[in-house]
Structures are given as C-alpha cells and as structure tokens.
Amino acid sequence: MTTTLRALLGATALCATAGIAAAQDNVTLTIATVNNGDMIRMQGLTDEFTAANPGIQVEWVTLEENILRERVTTDIATQGGQYDVLTIGTYEVPIWAKQGWLVPLELGEAYDVDDLIPAVRDALSVDGKLYAAPFYAESAMVMYRTDLAEAAGVTIPDAPTWADIRDAAAKMTDKSKEQYGICLRGKPGWGENMGFITAMANSYGARWFDTDWKPQFDSEEWKATLTDYLSMMNEYGPPGASSNGFNENLSLFQQGKCAIWIDATVAASFVTDPKTSTVADSVGFAQFPNREGVDNRGNWLWAWSLAIPTSSDAQEAAQTFIAWATSKEYSELVAEREGWRAVPPGTRTSLYENPEYQAEAPFAAMTIDSINAANTQKASVQDVPYTGGQFVAIPEFQGIGTAVGQQFSAALAGQMSAEDALAAAQSNTTREMTRAGYIK
Amino acid sequence: MARATSRNARIGWTVAAWFVALLIFFPILYTIITSLKTEQEAIAGFDLIPSFTLESFQTVQSQNNYFRPFTNSVILAVGSTLLALIVAIPAAWAMAFSPTKRTKDILMWMLSTKMMPAVAVLVPIYLIFLWTGLMDTRIGLTILLMLINLPIVVWMLYTYFREIPGEILEAARMDGATLRDEILYVLTPMAIPGIASTLLLNIILAWNEAFWTIQLTTTNAAPLSAFIASFSSPQGLFWAKLSAASVMAIAPILVLGWFSQKQLVRGLTFGAVK
C-alpha cells in the first residue's frame, strides 16, 4: 500500500516537473492580424519560423480591420493579454506607445534596423524608440492606363499637378463605354475617403488644424480641395462613387473601367498582376499630384506593423517572431517561394536597391520615391500642431474623421453642397475638439 | 366566372409568393454562386453562371482549418440552447400556470434586456470573463449565449404552455403527481412541438450570434462567425473566398432549417392569430 502511494506521489511529482519544464519551453504566440494578401502569405510561411524556433508555437487570429482594432483596443485597455503580437498601423503606434501600451522593440544587431526606410521608421518611433516593426508600408500615387492615355493623346508627367490630372481624366472619359476618367475613394470613414481627401487637402496647402487646434475647414484651401474633388468625380467619375473604397476602386480598375486611380501604392502589385487584373500590362505610375505652387504631394504614409502589447506574457518570443517576419531573410524566403514581386513592399531600403526586385516590380521606383517624399512630421506646408500624413495622429481622429467623411460623402452623393459640407465639418469638429479639451 | 377569378387570384398570389421568396433568398443564392467562381470571375461583375470551380473552398480550408470553428459552433449553439431550456421550462411553467400580478411585468422586463445594445455592456462583461478565466473558453460563451437567448426562450415557451389547459395538470396533481412528475411526464410531452420549435429557433440564433462570439474569443473557442470575419479584407479582393467561407459557415444551419421548416414556421407564427 505504502509503496503504491509512494509510486503515485513520485509519478505526480514527475508529471508536475515535466509540466513546468514544458511550460517554459513551449510558448504559444497569439498573433492578431488582418486578412491582407501579405499577411496570408506570412501565415503560410509560419512553419518555417516554428521549425527554426521549436519552442514557439504560433496561433493566428485573423479579423476584419475595424473588428481587429476594436478587439485589440478593448484587450489592451483592460490588460487582457489575449494577444502577443498585434498588426497595427502608423495611426495607432504613436498614440498607443505614448499610453504605455506597447513594448519598445529590441530586435538585435543582425536585424539591421538602419535598413528600415527612414520615413517609415520615424512614423513608428516615439522619442527615438521603435515601438513597431513595419511589415509592409505604402504611400499613395497615381495609377493610370497607358493604353487609354496614348489613345487620347495625353501624357501624364511623373510629377503631375491636379490640373494635369483633371485634364487627362476629361480626355480619357467615355461614359458610353463605361470608361471613367478618374476613380477616387468616396466611401465614408477616417481610413477610407478621409485618407484620400486629407492627403489631397495637404497637397492643396490645407491643414486640419491651426497651431491652436482650431479646425480650418473654412479656409480657401479646403474649399478648393473639396470643390475640385467633387467636380472631378461628378464629371469624370463612376456612378455611385460615394460608396467606393479601396476595394471597390481596385475592382473597377482591374476591370478596365478607370483610366486614373489615385490610391495606396500597395495597389500597384494588384493591378499589375495578370492573374487578377485585365489591364496588367498597361498600367503607368506617377507621383501623387500637387496644386500648382504648393510644394507638397499629400504626405500619405501607412505601414502595417507588428507590435507587442505590454499585457503579453510571451514578450521575448514575440520579439523573436517580429524580428523574423520583418527581416531581410523573410523577404528572401518569400522571393524564393513566390518571386520578388510578392515580397512585402515599402519597409527596407535594401529591397529597392535589389536589381532582381527592380526588374520584377515595375512600380518599385515610384513606390520608394512616394514613401521617401512623405513627411508625417509636418503634413501641410502651413504650421500644424499634429503629426500624421493622411490622418491626424490624435485619439479623437477616428470619430472626427469619420464624421467629416460622412459629410463629404453626402456631398459626393449630391445630398448637400460643398459649402454646406465644409460648414458642417467645421462646426462638428470645433464642437468635438472643444469637448476633448484641445480648444480652450 | 367566380371560379376563374379565384383561380387567377391564386396563381397571382403564388407568383407573388415565389417572387418575394426569391428576393429574400437571393443574397444567399448569389453567395453560393460567387463561392463557385474564380476570384477573377467574382470581381468581373454580375453573372449568375459560375465556372463551378471549388478552388475557393480549397483555399479557405487550407488557410484556416474549418473543423475547429465548426465544432465550436455546434457546441455553443446546442449547448447554450439546451442549458436555456433547462432553465426556461420551469420558469415558463411557473409563469403560465401560477401567474401572479407581477408575471406580465417580469416577462416584459426580461424582454427589455434584449433592447439594450450589446456593446454597452462590452467592457464589464469582458472584464468579468478575464477575471473568471472564461475568456476564449467554450463554457464561458455557452453560458453567455444561454443568458442572451433566455428571454426569447422563456417567452416562446410561455406562449406554448398557455395553450395547454391547466385542468390536465390539475388532474395529474389529483392523481398524486409531484411537481417534478407534472413537468416531466405531463407538461413536457404535451408541449413537445413547442419545445422543438423553440429549440430549433434558438440553435439558429446562437449559431448566427456574431458580436460576443467575436469579441470574447481568440482561437480556442472561436466559432464560425469568427471564421467568416477572418476572410474580410481591407486591401485586396477575396470575394470568392469570402463567399466560400460564408457558404461553409451557413450550410449546416441552412440544412437544419430546411428539414425543420414546418416546426420553425409553427414556432414563429404560434399565437399570431390570437
């Protein structure tokens, strides 16, 4: 009896020790991400990571962008610790880092942090510390149909003005053939139409707020931005444009219904992919336009980045994963499997110096030029109290940006005039900024 | 002449009914059609004839294993409905056969909990789940879904039980039946059709719940609602894959609904003529 009991106790102790040892060796990383092509590819390559790091298991949680943001915010605010690695953008990183929600990254010598494109690295750093590593980054640029341009006798310069774009859109429009001169975002949302319109406003010399945080929608620059946007879209845009976002315009462009589309640089790899695009071999690229006399090309910069919340209990393993997923070696791995075209763009200088990449990606030069030109520290030619390019990096912007986006989208749908939309934007934003304590 | 008119009218009504039914069913039908297209066909515009490729289903399955969320959905939907029935049958019995003057108020109050937007209590419930270790567990979500659907279950059962004459229960009591016997052997068998429709409707409601099941799960307990959500993309067109994921998620419940439509219709229209 005693022997049995002893044996049992011994076995229990052994199991317990084994359990502890296993717990130390086996870390499970929960990674929250969005369903974009590059992220899906990363999920597919997870086995490579776990093979090189046998003690780490990886679980993926893929969610729609807004749900992801909601879930991650709730989790961080309540210190829930559900996630070890988060996929977030350049909007969240500075705000969350200042709140103390993110762990500063120490990715080691071999990572070559100096190879990260400076504009992207700056956008993800607070007080000189990197809080998120860029997985892929984008600016905005003009994508246009070279065949239609040629047929219409139009040349779009590499650095066009808005007047050039309007002129080209007019000449390439043929509504009887469902061929629209220009496609731009119209769907309301701070990250949808306001991403585009804010960048356009920057390039018109406008700014969201003056140095006392007073909204500037009553300025001449904003009026010019919105009137030009509306008239271009009404005259040369597709029908129902007020519900078009990135995906809808991508679909229109790929089907050959848009002559010009101005949007995120990451779209370039989609529209030139013969597997999904009917116009793959006739797409030209140009920089984001500016208003004549304004030295500003929108300053659009976004980077889907990987960060670690302070609530994670596997921070060391999370750093290892991030270092792997955003490394040069990862790019080489993708290139080896699927070709250089499929490598996540916009994060490392070395990628754009790579002749193989340059040869396979016709959009490489324009992408890197656009990213390098983006200044998120001072988005407008006028003085501004905020950072951020196509957004204002303050927590209130999600709400304010979406509310203003709804006014502008209503104007595009013909429900109100540009003046009324701007007046409503001005009064709403003033009220919200006063309530939030920015305007004393 | 009269007969002809009524026949014409009947044909008219039948055509109208088919039209309305098709209108309602069309989004589901088009989802199924899109799931059988290639990604390029899916974005090419409206077309009712797909190329019948199963490519999207294969990609969806290889990208995200279907069986774990499927199992979770079954456990959550069936589990929460059974739990709800266990709680609701005695409650509805009490309200139907021994009403007090506050019974109506209690019923209304129970229903009023459904009127609050769920997001209003997100943070408290999130914190409770965190502190009790229920986050991302099937048991936590089963209990929560049970609580969410409980008002509807009680209401439905209450209306069925009201249909059963109280005298039968009295007679059982006269024959010496205990309370347990009365509910188990007299009331329940008579109310089986009602209980069955309640069960079916609640399985469907729990299966389709897409707020809490996404907010309170990460990987272990994530059901099919989270599975669909993972295929929506902000940058990239994956309509065929999204449709395939949706078809995989709704197929089981669609089949269940098809076979039990008689009970469902009865459940939904019960008491409507009174």
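Domain bounds here come from an automatic or database domain assignment, and with that in mind the tour of this predicted model can open on chain B.

**Stop 1: chain B as a whole**

Select chain B, which is divided into domain 1, residues 2-57, and domain 2, residues 66-230. If you place a marker at the centre of each domain of chain B, taken over C-alpha atoms, the two markers are separated by 34 Å. Shown as a cartoon, chain B has 14 helices and zero strands, while its C-alpha trace spans about 75 × 70 × 30 Å along the principal axes. Of the 274 residues of chain B, 34% count as buried. Among the contacts in chain B with a separation of 6 or more, 76% are accounted for by residues 24 or more positions apart.

**Stop 2: helix 10 of chain B**

Next, select residues 192-208 of chain B, which form helix 10. Its 17 residues should span 24 Å at 1.5 Å a residue, and the C-alpha atoms at its ends are indeed 24 Å apart, so the expected and the modelled spans agree. Colouring the buried residues of this helix will pick out, among them, B:Gly194, B:Ile195, B:Leu199, B:Leu200 and B:Leu201, and further along the helix B:Ala206 and B:Trp207 are buried as well.

**Stop 3: where the chains touch**

Now show both chains together, and look for the 27 residues of chain A that are in contact with 27 residues of chain B. On the side of chain A that touches chain B, at least two residues each are supplied by helix 2 (37-44), strand 2 (56-62), helix 4 (65-77) and helix 11 (246-254) of chain A. The largest share of that side, five residues, comes from helix 11 of chain A. Coloured by residue class, this side of chain A divides into nine nonpolar, 14 polar and four charged residues.

**Stop 4: the four-stranded sheet of chain A**

Hide chain B and find the open sheet of four strands in chain A, whose order is 8-9-7-10 and whose pairing is mixed. Its edge strands are strand 8 (180-183) and strand 10 of chain A, each of which pairs on one side only. Neighbouring strands of the sheet are turned against each other by 20 degrees on average, with direction ignored.

Starting from the edge at strand 8 of chain A, you can follow a parallel pairing with strand 9 of chain A over three bridges, in which A:Ile182 has A:Ile260 as its bridge partner. Strand 9, residues 258-264, in turn pairs with strand 7 of chain A in the antiparallel sense over five bridges, and here A:Tyr144 stands opposite A:Ile260. On to strand 10, residues 283-287, which pairs with strand 7 of chain A in the antiparallel sense over five bridges, with A:Met143 opposite A:Phe285.

**Stop 5: strand 7 of chain A and the helix across it**

Finally, select residues 140-145 of chain A, and ask how many of the six residues of strand 7 are buried. Strand 7 of chain A is mostly covered, with six of its six residues buried. In a regular strand the side chains alternate between the two faces of the sheet. Turning on side chains shows A:Ala140, A:Val142 and A:Tyr144 pointing one way from strand 7 of chain A, whereas A:Met141, A:Met143 and A:Arg145 point the other way. To end, add helix 17 of chain A, residues 364-373, which lies across strand 7 and strand 10 of chain A and runs at about 20 degrees to strand 10.

How values were computed. Residues are numbered from 1 along each chain as its sequence is written. Chains are lettered from A and ligands numbered from 1 in the order in which they are written. This is a predicted model: local features need pLDDT of at least 70, side-chain atom pairs count only at pLDDT 80 or more; totals for chains, interfaces and linings use all residues. Two residues are in contact if their C-beta atoms, placed from the backbone, lie within 7 Å. Ala, Val, Leu, Ile, Met, Phe, Trp, Tyr, Cys and Pro count as nonpolar, Asp, Glu, Lys and Arg as charged, and the others, Gly among them, as polar. The expected span of a helix is 1.5 Å times one less than its number of residues. A residue is buried if 20 or more other C-beta atoms lie within 10 Å of its own, exposed if 12 or fewer, and partly exposed in between; C-beta atoms are placed from the backbone. Two strands pair if DSSP finds at least two bridges between them. Axes are lines fitted to C-alpha atoms, for helices over the stretch in contact, and angles run from 0 to 180 degrees between N-to-C directions.
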